[in-house]
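Work through the exercises below with the sequence and the model open. Each task is followed by a stepwise solution.

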Amino acid sequence: MPIASRHSAAVAALDPHGSQVVLEAGCGHGVAVRLLLEQPRVSRVVALDRSPKMVAAVAASAPGAVAEGRLIVRAEALEAADFAGERFDAIIAINLDFNLRLGDSWPGLLKGLLKPAGLVVLAFEPPPGSGKGAGFACLSRQRLEAAGFAVSVEQAAGNVTLVLARLAEKAAFLDSAPAFP
C-alpha cells in the first residue's frame, strides 16, 4: 500500500537529532505511527485518536511496539487527555484542523505538552483543486505565533502544506548561535 505524501512529509519534518518521544494527535489508521516506529531516532510514540476503533487498529498493527512500550495508544480527544505532566519532543497532526475544532485555544494546549525545544508539525493535504491549504496555513501560523511560536510554512510533495512551529525563544537562540566549521 503506497504511503500518502502527507504522512511521509510530516515524519520527514521531525528533528533528526537525538531520541524523540512523539505524540500524534488524530492518528487515524496509524500510517504515520508505523513510519515513526521505523525511525531509529524515535524512542516512543503516543498515538491519540477520539475513535476507539482507530486506536484498536493501530495497536493491532504493531503489537510488538505496544508490548515493548514504544507505542502507547489512547482513545480520547487531545483537549480531554491527561498526560500527567509528560512532555513531548514533537507533536504531529496530519489532516487535522485544530482551528475548526478548538478555535484559538489549541496552540496553548500544544505548548503545554512540548519540551522546551519541542516541535509542532502540522501536515495538511486538501482535496485536489481546493484552496483550503493556504487558509489552514495562514490561520494556523497566526494562532501559533500569537502563542509564542516561531513558525514556518512549507510546501511538500503533492499538495501538502507543512506548518512547522517551535517556541520562539528557542528558535531565536538557534538563529543567533555562531556557525561552526
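**Exercises on a predicted model**

Ala84 lies in the loop between strand S3 (71-75) and strand S4 (88-94); helices and strands here are DSSP runs numbered from the N terminus, helices being H or I with at least four residues and strands E with at least two. The model is predicted, so local features need pLDDT of at least 70 and side-chain atom pairs count only at pLDDT 80 or more, while totals for chains, interfaces and linings use all residues. Residues are numbered from 1 along each chain as its sequence is written, and side-chain values use heavy atoms, with hydrogens and water left out.

**Exercise 1. Find what sets the backbone of Ala84 apart, and state whether Ala84 is buried or exposed.**

Step 1. The phi of Ala84 is positive, about 50 degrees, although Ala84 is not a glycine.
Step 2. Ala84 has a relative accessible area of 71%, so it is exposed. The classes are buried under 20% relative accessible area, exposed over 50% and partly exposed in between, with a 1.4 Å probe and protein chains only.
Step 3. Asn95, in the loop between S4 and helix H5 (98-102), also takes a positive phi, near 50 degrees, and is not a glycine. Asn95 counts as partly exposed, at 34% relative accessibility.

**Exercise 2. Lay out the sheet and name its edge strands.**

Step 1. The strand order of this open sheet of 7 strands is S3-S2-S1-S4-S5-S7-S6, and the pairing is mixed. Two strands pair if DSSP finds at least two bridges between them.
Step 2. S3 and strand S6 (149-155) are the edge strands, each pairing on one side only.
Step 3. On average, neighbouring strands of the sheet are turned by 15 degrees against each other, direction ignored. Axes are lines fitted to C-alpha atoms, for helices over the stretch in contact, and angles run from 0 to 180 degrees between N-to-C directions.
Step 4. At one edge, S3 pairs with strand S2 (residues 42-49) in the parallel sense over 5 bridges. Asp49 has Ala75 in S3 as its bridge partner.
Step 5. At the other edge, S6 and strand S7 (residues 161-167) run antiparallel and are joined by 7 bridges. Gln155 has Thr161 in S7 as its bridge partner. The hairpin of S6 and S7 has 5 residues between the strands, and Gly158 there takes a positive phi near 70 degrees.

**Exercise 3. Describe how helix H1 (residues 5-12) packs against helix H2 (residues 31-38).**

Step 1. The axes of H1 and H2 are 9 Å apart, at an angle of about 40 degrees.
Step 2. His7, Ser8 and Val11 in H1 meet Val31, Ala32, Leu35 and Leu36 in H2, where contact means heavy atoms within 4.5 Å.
Step 3. By class, this contact has 5 nonpolar, 2 polar and no charged residues. Ala, Val, Leu, Ile, Met, Phe, Trp, Tyr, Cys and Pro count as nonpolar, Asp, Glu, Lys and Arg as charged, and the others, Gly among them, as polar.

**Exercise 4. Which residues of helix H6 (residues 106-113) are buried, and what covers them?**

Step 1. Trp106, Pro107, Leu110 and Leu113 are buried.
Step 2. Seen down the helix axis, the buried residues of H6 fall within an arc of 125 degrees, so they line one face of the helix. The arc is that of the directions from the helix axis to the C-beta atoms.
Step 3. Their cover includes S1, S4, H5, strand S5 (114-124), helix H7 (132-146) and S6.
Step 4. Gly108 is also found in H6, but counts as partly exposed at 45% relative accessibility.
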